[in-house]
Amino acid sequence: MLNLLQVFSTGLGLAGYYALVAVGFALIFATLRIFHVAHGTVFMTAGYAFFGLHRLAGLHIALAAACALAIAALVGLLIDKIIYGPVLKRGGGMFSVFIASLGVSLIFESGFLVWSKGVVSVARAELLDIFIVGDVVLRRFDFFILAIVALAYGALYLWLHRTSTGLAIRGLTDNSELSAIVGVEVAKTRNAIFLVASSLAGLAGVLTAYDTGMTPASGVQTLFIGVVAVILGGTRNILLGAIVGAAALGMLTAFAGYFFPEWISFSIFAMMIILIIFRPQGLLG
Amino acid sequence: MEHLYYLGTLISVWIIVALAANLVIGYTGMMAMGQAAYLGVGAYVAAGLNVLLGVNFHLALLAALLVSGAVAAATLWPLLRIGGFYFALATLGLNFVFFDIFHNLGPRVEGSEGLHGLKLPDLFAGSGARFATTAALAALCFLACRTIVGSPLGRALRAVRDRPDALAALGKDPRRYQMLIWSVAGALTGLAGGLYAATLFYIDPTLFTLDASILVLVYIGVGGLASTWGSVLGVVLLIVFNESLRYLGLPSQYVGPLQQALYGLLLIGLMIFRRRGLVGEYDFRE
């Protein structure tokens, strides 16, 4: 019983990362119908940039994190501008963009493989302190992550519901053609979506690099967990769907990791297939 | 010479995989993103039977063909109700599911991650004989695919892809054709898996990851969708090109990532500039 509580707290920590990646993916998927596999690449790029700037170039940790976020936002925006834009302009559809996105992810993955030859980690002792409540070991860092997630979601909520860009985005989610007709500047909104979503993925990437470390495979892995979270939560309500899905996936990976660690990806993808078959609109859709 | 035989054998194996993938993706319009799963099933069945139970390799190949076809049918059945993009996503998920199955349940020779020690009969024993047999099988598959796509069945497949409603209006169920061609493609891919095991002498789960499925997409994407010659062309061009990278004098640890990056570039280039590939007759519509 006490073990279960421990697994639960691990799951909450994981859910924080997934929530940050998933909400950005959901934002792009729901508004632009782009299945952005390279969202995982953006996540990974931030982690590696953070590592490079802080560990190798010796930048102050906060400054390095901020630069990594900016780099992530820029990379996300450029992927859309340089790759997805031309594919769509030449008559490609959702599947073509998906394939091109896989291509982007392959290129970055091999680049990081050559550069790092494996895991990089920025872990520092201060935030990784643990404290013990009853029989459960808690990490200060997990609380830090959850606080950041709460802040990010709060800011996102305000952005989506209190600004004109947010209104445009919600319009695109419901009906993109109609929004264009009533004067939503689709191109401008699109840039905003990619910048915001990518910096959220970057935030998760920086935290992951700090915590467990980054490997060239982390991008695709985290992305697909985010995808399953989004399919689970549905995109009817982006924020609620992503956080519910991410919490469920955090628990799933924590419990699967505890009871049958060698079947984690089996559990995640089997769940994805079952969801696609029976409830593609998500549990909340 | 040995190495040339090996390359020829490898090319023949992937030609079979590409032909099968083109049947479902190019001709029938089913976006298969997880063909490596069936390749792995074939490889594990053939190598497992041969190495662990001592079954004659010819019989083991036949078993690989039949089992993969059956597995393909069984895995498609629940997916028939979903269409379009979600279908692609589900088949991609299948690839990960099968990887974990190979990894956790796949038989292995003690002290290694996979299976080795195949006992190959005369037709596969020497590298020259192995090449000749594999190439002959690939040629046979090529002819079989050409026959299929030129027959009324082939026309029905293209109708499933382009006008499923018209097919249904004629009283024919598109799903029956999807089931049929998916099983045929799964069986051929499984056969290729058995041959792949004989080519490499060693198999382990890492050969059957999503990367292998993406490789299949690159091959037929470059060669051309809905074209049997395209399947052959893509495989030959890319494997020969890949091989030439080895002679650039790069440190060996850079060759793998470089290939991967080039495949990525190819995928992007194809999607932007030429979605039907070199000699394709259909493009990635969606």
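Is A:Lys188 buried or exposed? I looked this up before anything else, and A:Lys188 is exposed, with a relative accessible area of 57%. I note at the outset that I am working from a predicted model, and I read each entry below with that in mind.

**Entry 1: the salt bridge at A:Lys188**

I then looked for the partner of A:Lys188 and found that its side chain meets that of A:Glu185 in a salt bridge, at 3.7 Å from N to O. A:Glu185 is exposed as well, since its relative accessible area is 51% and the cut-off for exposed is over 50%.

**Entry 2: A:Asp211 and its partners**

I turned next to A:Asp211, which forms a salt bridge with A:Arg139, the closest N and O atoms lying 3.0 Å apart. The pair joins distant parts of the chain, for A:Asp211 belongs to helix α8 (residues 186-211) of chain A and A:Arg139 to strand β2 (residues 136-139), with the two positions 72 residues apart along the sequence. I checked the accessibility of each partner in turn: A:Asp211 is buried, at a relative accessible area of 11%, whereas A:Arg139 counts as partly exposed at 24%. I also recorded that A:Asp142 takes part here, because A:Arg139, A:Asp142 and A:Asp211 are linked in a network of salt bridges.

**Entry 3: a salt bridge in chain B, and the total**

In chain B I looked up B:Glu113, which forms a salt bridge with B:Arg108, with 3.5 Å between the closest N and O atoms. Both residues fall in the middle class of accessibility: B:Glu113 counts as partly exposed at 43%, and B:Arg108 counts as partly exposed at 35%. How many salt bridges does a search of the whole structure find? I obtained 10 over all chains.

**Entry 4: where chain A and chain B meet**

I wanted to know whether any salt bridges cross the interface of chain B and chain A, and the rule finds 0 there. For polar contacts across the interface, I noted 7 residue pairs, both residues of each pair being at pLDDT 80 or more. The elements of chain B that each supply at least two residues to the side touching chain A are α4 (84-105), α10 (210-223) and α12 (252-273). Of these, α4(B) gives the most to that side, with 14 residues. Sorted by class, the side of chain B that touches chain A has 29 nonpolar, 4 polar and 6 charged residues.

I then took the extent of the contact, which draws 39 residues from chain B and 41 residues from chain A. Between them the two chains bury about 3,700 Å², of which 79% is on carbon and sulfur atoms. On the chain B side, B:Phe85, B:Tyr86 and B:Ile272 lose the most area to chain A, together 17% of what that side buries.

**Entry 5: the build of each chain**

For chain A I counted 11 helices and 2 strands, and read along the sequence they follow the pattern α-α-α-α-β-β-α-α-α-α-α-α-α. The radius of gyration of chain A is 19 Å, close to the 19 Å that the globule rule gives for 285 residues, so chain A is as compact as a globular protein of that length. Its C-alpha atoms fill a box of roughly 60 × 45 × 35 Å along the principal axes, and buried residues make up 55% of the 285 residues. Among the contacts in chain A with a separation of 6 or more, residues 24 or more positions apart account for 76%.

For chain B the secondary structure comes to 12 helices and 2 strands. I noted a radius of gyration of 18 Å for chain B, which agrees with the value near 19 Å that a compact globule of 286 residues would have. The box filled by the C-alpha atoms of chain B is roughly 55 × 45 × 35 Å, and buried residues make up 59% of the 286 residues.

**Entry 6: two residues late in chain A**

A:Ser267 sits in helix α11 (residues 264-278) of chain A, and I list it as buried because its relative accessible area is 13%, below the cut-off of 20%. Beyond residues up to four places away in sequence, A:Ser267 touches A:Leu252, A:Ala256 and A:Phe260.

A:Leu283 lies in the segment after α11. Its C-alpha atom is separated by 5.7 Å from that of A:Gly233, although the two positions lie 50 residues apart along the chain. Leaving aside neighbours within four places in sequence, I found A:Leu283 in contact with A:Ile231 and A:Leu232.

Technical notes
Residues numbered from 1 in each chain as written. Chains lettered and ligands numbered in written order. Predicted model: local features only at pLDDT ≥ 70, side-chain atom pairs only at ≥ 80, totals over all residues. Heavy atoms only, no water. Contact = heavy atoms within 4.5 Å. Buried area = accessible area lost by both parts, 1.4 Å probe. Salt bridge = Lys/Arg side-chain N within 4 Å of Asp/Glu carboxyl O. Polar contact = N/O pair within 3.5 Å; in protein donor to acceptor, adjacent residues only side chain to side chain. Helix = DSSP H or I, 4+ residues; strand = E, 2+ residues; numbered from the N terminus. Nonpolar A, V, L, I, M, F, W, Y, C, P; charged D, E, K, R; others polar. Rg over C-alpha atoms; globule rule 2.2 N^0.38 Å. Buried < 20%, exposed > 50% of the residue type's maximum accessible area, 1.4 Å probe, protein only.
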